[in-house]
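Subject: Structure handover

Hello,

Here is the structure I said I would pass on. My notes on it follow below.

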Amino acid sequence: MTTPPKRPLTLRDVSEASGVSEMTVSRVLRNRDDVSEASRQKVLLAAKRLGYVPNKIAGALASQRVNLVAVIIPSMSNMVFPEVMTGISRTLEDSELQPVVGITDYLPEKEEKVLYEMLSWRPSGVIIAGLEHSDASRAMLMASGIPVVEIMDTDGQPIDSVVGISHRAAGRKMGEAIVEAGYRKIAFLGTKMPLDHRARKRFEGFTQALAKAGIEVADHEFYSGGSALAKGREMTEAVLSRTNDVDFIYYSNDMIGAGGLLYLLEQGIDVPGQIGLAGFNGVELLQGLPKRLATMDACRAEIGRQAAEIILRRSQSGDADPSPTRIELTPMISPGDTLRVADS
């Protein structure tokens, strides 16, 4: 793929890449119908390859940026991301910058669409969840000429700056704690991996820790859709009906873990004596459960705060080519009441 220039892309760049005139490029990007289909396809292909996004700021403002920060996240129904937004909003509230949110539903094609629309308004920066993007999204981010901060994950190669945790390390750390506590028949319940990259990486780290101890995952269950108590109950029941000697269940997030906990308690199962449980994210809302679910804090608000600070600092400095910032936070395990301590 062609490496985009450091300066913002122009119609001339698309013209040179597509082999048609700047006027034709302009007509195609304005959806004019007085262009041949062959020329239209050349322009659209070149623009997508370069990551070119038309500028919707007209007239005298065309060379400027608006005081908006594009924040692109998978979901607002998942309780993780409102806390990230809180960290971002509180950091920017005394500045001229305002966050504007786009939702992708974990879909790469929707991320492309949201990113294209937001970048067309020339924001002062982008905060975007995850490190996995389509080629078109990566091209747009690389060609944007503005600060980009990818958040939540550090297991991969960032485009610019990154703030997050290592999900592979998080899964590995939880796997080691479970093994150390004496559990051996261990199941994993979580989201379908192709769409939730961070859950996939935790699963990879988790299984690596088990393999090092000579243990294979005894059973697993995956689902699509929003995290919910009902999903946790259903999956826990399904796994135990297939593999009744499971002694630990690791859930990809706290919400389904809470559903599993409620199901086990209703069945009169001793937690953590007979079956231990752990989730991920450290959701405070669940502290009112009959037992505190073992979990790991994903540092959500801190991730939002530090990402916003990078955007704020870069926008104020005006440095045309600053060094990217990499911040890796370290989540800690909270054993709660569902993971017995290793020496018990």
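Which residue in β5 is the bridge partner of D153? The partner is I165. Please keep in mind that this is a predicted model.

Overall picture

The protein has 344 residues, and 52% of them are buried. Its secondary structure consists of eleven helices and twelve strands. Measured out along the principal axes, the C-alpha atoms occupy a box of roughly 75 × 45 × 35 Å. Among contacts with a separation of 6 or more, 70% are between residues 24 or more positions apart.

The sheet

Six strands form an open sheet in the order β2-β1-β3-β4-β5-β11, and the pairing is parallel. At the edges are β2 (98-103) and β11 (326-328), each of which pairs on one side only. From one strand to the next, the twist averages 15 degrees. As general background, the strands of a sheet pair through backbone hydrogen bonds, either parallel or antiparallel.

Strand β5, residues 161-165, is a useful place to begin. On one side, five bridges join β5 to β4 (residues 148-153), and the two strands run parallel. The pair of D153 and I165 from the opening question belongs here. β5 is also joined to β11, by three bridges, again in parallel. In that pairing V163 stands opposite I327, and G164 stands opposite E328.

How much of β5 is buried? Five of its five residues are, so the strand counts as mostly covered. Both faces are covered: S161, V163 and I165 are buried on one side, and V162 and G164 on the other.

Towards the other end of the sheet order, strand β1 (residues 68-73) is mostly covered, with five of its six residues buried. Six bridges join β1 to β2, and these strands run parallel. V69 in this pairing stands opposite P99 of β2.

Helices α2 and α3

How do α2 and α3 lie relative to each other, parallel or perpendicular? The axes of α2 (residues 22-29) and α3 (residues 37-50) come within 9 Å and cross at roughly 85 degrees. The two helices are therefore roughly perpendicular to each other, because an angle from 65 to 115 degrees counts as such.

At the contact, T24, V25, V28 and L29 of α2 meet S39, R40, V43 and L44 of α3. Five of the residues in this contact are nonpolar, two are polar and one is charged. In general, an α-helix has 3.6 residues a turn, so residues three or four places apart point the same way.

Within α2, the buried residues are T24, V25, S26 and V28. Their cover includes α1 (11-18) and α3. After α2 comes N31, which has a positive phi, near 60 degrees.

Nonpolar cores

The largest nonpolar core has 47 residues. Those with the most contacts inside this core are I127, I151, I178 and Y250. There is a second, separate core of 23 residues, which includes M235, A258, I269 and I275. In soluble globular proteins, nonpolar side chains tend to be buried together.

I178 can serve as an example from the largest core. Apart from neighbours within four places in sequence, I178 is in contact with Y183, I186, F206, F248, Y250 and L339.

One residue in more detail

M296 lies in strand β10 (residues 295-296). Is M296 buried or exposed? M296 has a relative accessible area of 0%. M296 is buried because that value is under the 20% cut-off.

Not counting residues up to four places away in sequence, M296 touches A170, K173, M174, G279, F280, N281, G282, P331, M332 and I333. D254 is 42 residues from M296 along the chain, and their C-alpha atoms are separated by 9.1 Å.

That is what I have on this structure.

Regards

Technical notes:
Residues numbered from 1 in each chain as written. Predicted model: local features only at pLDDT ≥ 70, side-chain atom pairs only at ≥ 80, totals over all residues. Heavy atoms only, no water. Helix = DSSP H or I, 4+ residues; strand = E, 2+ residues; numbered from the N terminus. Buried < 20%, exposed > 50% of the residue type's maximum accessible area, 1.4 Å probe, protein only. Contact = heavy atoms within 4.5 Å. Core = buried A, V, L, I, M, F, W, Y, C linked by side-chain atoms within 4.5 Å. Axes fitted to C-alpha atoms, helices over the stretch in contact; angles between N-to-C directions. Parallel < 35°, antiparallel > 145°, perpendicular 65-115°, else oblique. Nonpolar A, V, L, I, M, F, W, Y, C, P; charged D, E, K, R; others polar. Pairing = 2+ DSSP bridges.
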